[in-house]
Amino acid sequence: MIIVEGADGMGKTQLCRRLSEEFKGEVLHSPGPTIDLSNWIMQYLTAPRGYSNSIFDRFFFSELIYGPVLRDGVMWDNETRSFMMGHLLAASPMIIFCMRSPDKAWDYVINSEHETKHEHDLIQQIEEQNFRAICESYITYSMALATLYPYHLVYDFDHLHEDVIVEHVANYL
């Protein structure tokens, strides 16, 4: 199980495609902040062996980061978040946080075609100031996770070639 997280425009989808080609895994996209998100996440966390060859383009962390910025809070209470985090750690996925300069990412986000209606709708809600807060939150979560979780990588889209990430993932698998 590989989870690729990061703000919009950070190279997640591109990296997911590359990992899928390299490791023959299915790319699964988060349904976004819907009522079904909890069920979607728990479906994979409670049966991780069945999804061991899956690559997730966003998962648990996106709601923790986007929720407070776009909706003044996350859709889960503390007990649910703790339950999900416990299952996430038990599943031992490889978690990759995609990063890049917020200026370059914002420029990409506002000037590119969006693959899904959810992506398009999300971008309409985000302002540049909120986008910077989202990027900072991903950095914070990434650093916090590094202290708790051994299977964690940061992919700097602007300064690190995908091949380096592919090699690290191959060593993990």
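These legends go with close-up views of a predicted model.

**View 1. Strand S3 sits between two parallel partners.**
Here we're looking at S3, which covers residues 54–57. On one side S3 pairs up with strand S1 (residues 2–5), running parallel over three bridges. Strand S2 (residues 26–29) also pairs with S3 in the parallel sense, this time over four bridges. Aspartate 57 is a handy residue to find in this view: valine 4 stands opposite it, and it is also the bridge partner of histidine 29.

**View 2. Both faces of S3 are covered.**
In a regular strand, side chains alternate between the two faces of the sheet. Follow that along S3 and you get Ser54 and Phe56 on one side, with Ile55 and Asp57 on the other. Every one of these four is buried.

**View 3. Serine 54, a buried residue in strand S3.**
Zoom in on serine 54, which belongs to S3. Its relative accessibility is just 5%, so it counts as buried. What does serine 54 touch, once residues up to four places away in sequence are set aside? The list is Met1, Ile2, Glu26 and Leu28.

**View 4. Phenylalanine 59 in the largest nonpolar core.**
Nonpolar side chains tend to be buried together in soluble globular proteins. The largest nonpolar core in this model has 50 residues, and Leu19, Phe59 and Ile96 are the ones that touch the most other members. Take phenylalanine 59 and skip its neighbours within four places in sequence: it is in contact with Ile3, Glu5, Trp40, Ile41, Tyr44, Leu45 and Leu88.

**View 5. Arginine 81 on helix H4.**
Helix H4 spans residues 78–91, and arginine 81 is part of it. Is arginine 81 buried or partly exposed? It comes out at 26% relative accessibility, so it is partly exposed. Apart from neighbours within four places in sequence, arginine 81 is in contact with Phe60, Leu64, Val74 and Trp76. Leucine 64 is 17 residues away along the chain, and its C-alpha atom is 9.1 Å from that of arginine 81.

**View 6. A tilted ring pair between helices H5 and H7.**
The structure has 14 aromatic pairs. This one brings together tryptophan 106 and phenylalanine 131: the ring centres are 5.3 Å apart and the planes sit at 45 degrees, so the pair is tilted. Tryptophan 106 is in helix H5 (residues 102–111) and phenylalanine 131 is in helix H7 (residues 128–148), so the pair ties together parts that are 25 residues apart in sequence. Both rings belong to buried residues, with tryptophan 106 at 12% relative accessibility and phenylalanine 131 at 1%.

**View 7. A cluster of aromatic rings.**
Ring pairs also join a whole group of residues into a cluster. Its members are Phe60, Phe61, Tyr66, Trp76, Phe97, Tyr138 and Tyr141.

**View 8. Cysteines without a disulfide.**
If you're wondering about disulfides, the count is zero. Cysteine 16 is in none, and its nearest cysteine sulfur, in cysteine 98, is 7.2 Å away. Why is cysteine 135 not bonded to cysteine 98? The sulfur of cysteine 98 is the closest cysteine sulfur to that of cysteine 135, but at 12 Å it is too far for a bond. Cysteine 16 is buried, at 1% relative accessible area, and cysteine 135 counts as buried too, at 4% relative accessibility.

Methods
Residues are numbered from 1 along each chain as its sequence is written. This is a predicted model: local features need pLDDT of at least 70, side-chain atom pairs count only at pLDDT 80 or more; totals for chains, interfaces and linings use all residues. Side-chain values use heavy atoms; hydrogens and water are left out. Buried means under 20% relative accessible area, exposed over 50%, partly exposed in between (1.4 Å probe, protein chains only). Two strands pair if DSSP finds at least two bridges between them. A nonpolar core is a set of buried Ala, Val, Leu, Ile, Met, Phe, Trp, Tyr and Cys residues joined through side-chain atoms within 4.5 Å. Contact means heavy atoms within 4.5 Å. Rings of Phe, Tyr and Trp (its six-membered ring) pair if their centres lie within 6.5 Å; planes under 30 degrees apart count as stacked, over 60 as edge-to-face and the rest as tilted. A disulfide is a pair of cysteine sulfur atoms within 2.5 Å.
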